[in-house]
Amino acid sequence: MDDGAQSKPERIADLKDEARHGRDRTARIVFTTNLLDALGDGSGLGDLRAQARVMKAMRECAFGSGSPERDMAWFEVDGVKAMMKIDYYDRSFEWGSEDPTDASMTRRVITLMLPQDY
């Protein structure tokens, strides 16, 4: 009998989607310098535009069946291959979260990078 309860991986995936789509105000997004260098024009404004293009691609990317918790994905921006990795930490961003299904005790960090940065 299905009681509508989510499995642990489904709950974690939903919370990661909340962070990825900007609906988790406690989440952090980090860009590697290499990714911004590959996309930016060297000016601050160009880097901001590159960040916006990466954010759009990240929010629209699809996940493969090998990522049931939707924690890693690859996508392309302006012909540059990029990837996203989402990790979860405790509220102080010091240790891993003891319960990533509990949004009150978990903080997510989305790292956007070139594949070779991983």
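The legends below describe close-up views of a predicted model.

**View 1. The open sheet and its edges.** This view shows an open sheet of 4 strands, which follow the order 1-4-3-2 and pair in a mixed fashion. Strand 1 (28–31) and strand 2 (72–77) stand at the edges with a single partner strand each, so one side of each of them has no neighbour in the sheet. On average, and with direction ignored, neighbouring strands of this sheet are turned by 25° against each other.

**View 2. The pairing of strand 3 with strand 4.** Strand 3, made of residues 80–89, and strand 4, made of residues 107–113, are joined in the antiparallel sense over 7 bridges. Within this pairing, Met 83 stands opposite Met 113, a residue of strand 4.

**View 3. Helix 1 against the sheet.** Helix 1, which covers residues 8–20, lies across strand 3 and strand 4, and runs at about 65° to strand 4. At 1.5 Å a residue, its 13 residues should span 18 Å, and this agrees with the end C-alpha atoms of helix 1, which are 18 Å apart. The buried residues of helix 1 are Ile 12, Ala 13, Leu 15, Lys 16, Asp 17, Ala 19 and Arg 20. After helix 1 comes Gly 22, a residue with a positive phi near 80°.

**View 4. The largest nonpolar core.** The largest nonpolar core contains 23 residues, and Leu 35, Val 54, Phe 75, Met 84 and Leu 112 are those with the most contacts inside it. At least two residues of this core come from each of helix 2 (33–39), helix 3, strand 2, strand 3 and strand 4, and helix 3 gives the most, with 5 residues. In soluble globular proteins, nonpolar side chains tend to be buried together.

**View 5. The surroundings of Val 54.** Val 54 is among the residues with the most contacts inside the largest nonpolar core. Apart from residues up to four places away in sequence, Val 54 touches Phe 31, Leu 35, Leu 39, Phe 75, Val 77 and Leu 112.

**View 6. Ala 50 in helix 3.** Ala 50 belongs to helix 3, which comprises residues 44–60, and its relative accessible area of 0% falls under the 20% limit, which means that Ala 50 counts as buried. When neighbours within four places in sequence are left aside, Ala 50 is in contact with Leu 39 and Gly 40. Asp 37 lies 13 residues from Ala 50 in sequence, and the two are 9.3 Å apart in space, C-alpha to C-alpha.

Notes. Residues are numbered from 1 along each chain as its sequence is written. This is a predicted model: local features need pLDDT of at least 70, side-chain atom pairs count only at pLDDT 80 or more; totals for chains, interfaces and linings use all residues. Side-chain values use heavy atoms; hydrogens and water are left out. Buried means under 20% relative accessible area, exposed over 50%, partly exposed in between (1.4 Å probe, protein chains only). Contact means heavy atoms within 4.5 Å. Two strands pair if DSSP finds at least two bridges between them. Axes are lines fitted to C-alpha atoms, for helices over the stretch in contact, and angles run from 0 to 180 degrees between N-to-C directions. The expected span of a helix is 1.5 Å times one less than its number of residues. A nonpolar core is a set of buried Ala, Val, Leu, Ile, Met, Phe, Trp, Tyr and Cys residues joined through side-chain atoms within 4.5 Å.
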